[in-house]
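Student: Could you choose one part of this model, look at it closely, and then take me from there to other parts in one connected answer? Please explain each term when you first use it.

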Amino acid sequence: MQIAPILAALKKHRMATFLIAMEIALACAVLCNALYLVVERVRLSHVETGVDDDRLVAISLAGVDDAQAVDLGPRLRQKLSSIPNVESVAVANATPFGPQAGEAGFRIDPNDPVYRIQAHFYLGDAGFAKTLGLRLVSGRWFTADEYAPVDGFLPKASSLLVDADYASKLWPGQNPLGKPVLVTNLTFRVVGVVARMVRPNPSPFAATNSFITPALAGKGMASVYLLRVAPEKAQDVFARATAMITRDEPSVILDATASGPLTQLRDAYFANTRSMAIMMVGVIAALLLVSALGIVGLASFWVQQRRQQIGIRRAIGATRRDILHYFQIENFLIVGGGIVVGMVLAYVLSAVLMKLYELPLLPAYYLPYGALILWLLGQLAVLGPARRAAAVPPVVATRNA
Amino acid sequence: MLKMTHLSKVYRTEVVETYALRDFNIDVNEGEFVAVTGPSGSGKTTFLTIAGLLETFTGGTYHLDGVEVSKLDDNARSRIRNEKIGFIFQAFNLIPDLNVFDNVEVPLRYRGMKAAERKQRIMESLERVGLASRAKHYPAELSGGQQQRVAIARALAGSPRLLLADEPTGNLDTQMARGVMELLEEIHREGATIVMVTHDPELAARAQRNVHVIDGQVVDLAEDPRFHAQVQAGRVNI
């Protein structure tokens, strides 16, 4: 291997080497973090909701005032239940992939005065769990006497259900049953753990931080109706439901963006995520292209500049392969130096993102992926100039520069 | 050692064929010190590049150390250049980015030699040219004469069978040129075969044998009127 003399030669071109290594370092830092975000977004678009997506239809109403809500909730639930192919109806405050309605700060330590954590509180009536198809993994469902009217934005209830994954984050290694959750002046206790309950607006790093509290339909909870329908009937039921509401409830406004078969709401919700991921892939591609062009530019310049030197090396015994390897190893070393710095930068960038956007720290396994991509990119970019260098004939050595 | 028979080198363009060498014959024996002389454009550098396998030729045969080289592929030619030939160029042709030690090491690395042996050979050849103390210097920090000595050390480090020198003192002042020439003579006395291209008759006179090239052919000096003119001007020692 010729590593030592290549390093020695690079020392004589410190500035150019430093600049290209820094370009790689920046590319590495951005690439690792961007890859992380893209992968997490793609993963999110396949998020499991914990509910029966394809058998649910959401009806969301806008501008329902409290006076209207008192009897609208029970009445509309009744009417929606009578639509053919509707198996059950739940009244709630929010639907997955709809607007969040119960985001609140809370604390789990009664002695800690600060509300450190935020989660989404689903409010649901007695049909909520059955309609959505939730699965209980421990504890119990709500009892009939636990359903209370909504006061403010939460019911004066004393119990709640929690998503299993979220429970394990809140109380790692502990049984969540019976644990307190304190919101404003209310204290809830966990009575059951459901296998999964996605929050209305799942994000890459907060998909299931949600609680379910028992509430009575009426004041404060008459805007969202979830319909469990027979298989393949979601579209038909949704059409009938909207027709019924238009006909029978002229005073309410259907929120079209938050109404429809849940699969459609899901698609609409992730359309944004997908376009974001595509845009980031575009940014990554542009970044890699710029880095590659930088390498091609510098390598081409160096090949041109070292033409006679290459001729001399050929004259004193280097084969074409030796020359090719020289430029490949040189590129490997420069890119490698950039990658080492880039890995540190990637963590610094990740720490900044973590502060600004509450993202978790970049997992370490993205670093070798980023390094591999950049090394391959470097080798690909240098191949053309290196081949041109290898084609320099030895007789060039005799031509004075 | 080096034998060319009816060798020709033609440069072709779409409209014209130019003979750089034509029916070129030369035979250099092992241990000889031969000076190839001739005016500018006579073909002596072309001869040297072909002799050193830096270029291919168009016709005829060339045997180097008993091997007919025209059939060799690029890799085999590289290997022969590396193992059997040592080059000394007019412009020294050191690699400016590498220090003296690393410059001498270059051909040995291409040979795949082990580090310990490389180091021993490098130091031996640098001592031979009197520059062992400058091993860590870069070419730009040396005088022209010293640079040429480093180039000679590089050529000698691989123990070549043949040393090819192209105007080795052409870029040096008289004193440095004398030093380099004395070094070449000393190397020759130790048994090396040296072929030196020069247009300097004084330098050529110090070789064992002169081969004169005119218009791409080896000629008898007695037939070259320019040589006689130089003799009359007292510039050639016979």
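Tutor: In this predicted model, a polar atom of the side chain of A:Thr398 lies 2.7 Å from the backbone oxygen of A:Val395. A polar contact is a pair of N or O atoms within 3.5 Å, where within protein one atom must be able to donate a hydrogen and the other to accept it, and residues adjacent in sequence count only if both atoms are side-chain atoms. Residues are numbered from 1 along each chain as its sequence is written, while chains are lettered from A and ligands numbered from 1 in the order in which they are written. Local features need pLDDT of at least 70 and side-chain atom pairs count only at pLDDT 80 or more, whereas totals for chains, interfaces and linings use all residues, and side-chain values use heavy atoms, with hydrogens and water left out.

A:Thr398 is found in the segment after α10 (366-390) of chain A; helices (H or I, at least four residues) and strands (E, at least two) are DSSP runs, numbered from the N terminus. With a relative accessibility of 17%, A:Thr398 counts as buried, a word that stands for under 20% relative accessible area, with exposed meaning over 50% and partly exposed in between (1.4 Å probe, protein chains only). If its neighbours within four places in sequence are left aside, A:Thr398 is in contact with B:Thr49, B:Leu54 and B:Phe89, where contact means heavy atoms within 4.5 Å.

Chain B also has a helix that deserves a close look, namely α3 (residues 100-110), which is largely enclosed by the rest of the structure because 10 of its 11 residues are buried. Among these buried residues are B:Val100, B:Phe101, B:Val104 and B:Tyr110. The buried residues of α3(B) pack against α2 (74-84), α4 (115-128) and α5 (144-157) of chain B, together with α1 (3-11), α8 (307-315) and α9 (320-357) of chain A. At the N-terminal end, α3(B) is capped by B:Asn99, which has a side-chain oxygen 3.2 Å from the backbone nitrogen of B:Phe101, and just after α3(B), B:Gly112 takes a positive phi of about 80°.

Most residues other than glycine have a negative phi. A:Phe97, which is not a glycine, nevertheless has a positive phi of about 70°; A:Phe97 lies in the loop between β2 (86-92) and β3 (103-106) of chain A, and with 5% relative accessibility it counts as buried. B:Asp23, also not a glycine, has a positive phi of about 45°, but B:Asp23 lies in strand β2 (residues 17-28) of chain B and is partly exposed, at a relative accessible area of 38%.

Finally, chain A is divided into domain 1 (3-45 + 270-398) and domain 2 (64-251), with bounds that come from an automatic or database domain assignment. Taken over C-alpha atoms, the centres of the two domains of chain A are 50 Å apart, and eight residues of domain 1 are in contact with six residues of domain 2. Together these domains bury about 540 Å², 86% of it on carbon and sulfur atoms, buried area being the accessible area (1.4 Å probe) that two parts lose on being put together, summed over both. A:Glu40, A:Leu44 and A:Phe270 supply 62% of the area that domain 1 buries against domain 2, more than any other three residues.
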